[in-house]
Amino acid sequence: MNISLPEALKAFVDDQVSTRGYRTSSEYVRELIRQDRDRQRLRGLLLEGAASPRTVTADAHYYDRLRGSVRDAR
């Protein structure tokens, strides 16, 4: 794959590579693609959760039980 960028974007990518510790511009672009994929996956899960029926009321008792299960898992 070959990507052409205008000079301003190329300069931005080069700056990101040098200041954020990437070895190459390809490594930087791969990381951006991974982050975008992860954001899309998270968005899908959030939308799925929002569309699902409510099964538990998130009240003080719910959070107390949740904290207890976290403590027990340690």
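This report looks at helix H1 and the stretch before it in a predicted model.

## Meet helix H1

Let's start with the helix itself. H1 covers residues 7-20. With its 14 residues, H1 reaches 20 Å from the first C-alpha to the last, which is close to the 20 Å expected at 1.5 Å a residue.

Right after H1 comes Gly 21, and this glycine takes a positive phi of about 85 degrees.

## Two sides of H1

Which residues of H1 are buried? They are Val 13, Gln 16 and Val 17. These three cover an arc of only 100 degrees around the axis, so they sit on the same side of H1. What do the buried residues pack against? Their partner is helix H2, residues 25-51.

Now turn to the other side of H1. There you'll find Glu 7, Ala 8, Ser 18 and Thr 19, which are exposed.

## A closer look at Gln 16

Gln 16 belongs to H1. Its relative accessible area is 12%, so Gln 16 counts as buried, the cut-off being under 20%.

Who does Gln 16 touch? Setting aside neighbours within four places in sequence, Gln 16 is in contact with Gly 21, Tyr 22 and Tyr 28. You've already met Gly 21 as the residue with the positive phi just after H1.

## Out on the surface

Next, the start of the chain. Met 1 lies in the segment before H1. Is Met 1 buried or exposed? Met 1 has 97% relative accessibility, so it counts as exposed.

Met 1 also has company: together with Ile 3, Leu 5 and Leu 9, Met 1 makes a nonpolar surface patch of about 490 Å².

Note on methods: Residues numbered from 1 in each chain as written. Predicted model: local features only at pLDDT ≥ 70, side-chain atom pairs only at ≥ 80, totals over all residues. Heavy atoms only, no water. Helix = DSSP H or I, 4+ residues; strand = E, 2+ residues; numbered from the N terminus. Buried < 20%, exposed > 50% of the residue type's maximum accessible area, 1.4 Å probe, protein only. Contact = heavy atoms within 4.5 Å. Expected span 1.5 Å × (residues − 1). Arc of directions from axis to C-beta. Patch = residues over 30% accessible without salt bridge, like charges linked within 9 Å, V, L, I, M, F, W, Y side chains within 5 Å. Areas by Shrake-Rupley, 256 points an atom, 1.4 Å probe, with all protein chains shown as cover. Salt bridge = Lys/Arg side-chain N within 4 Å of Asp/Glu carboxyl O.
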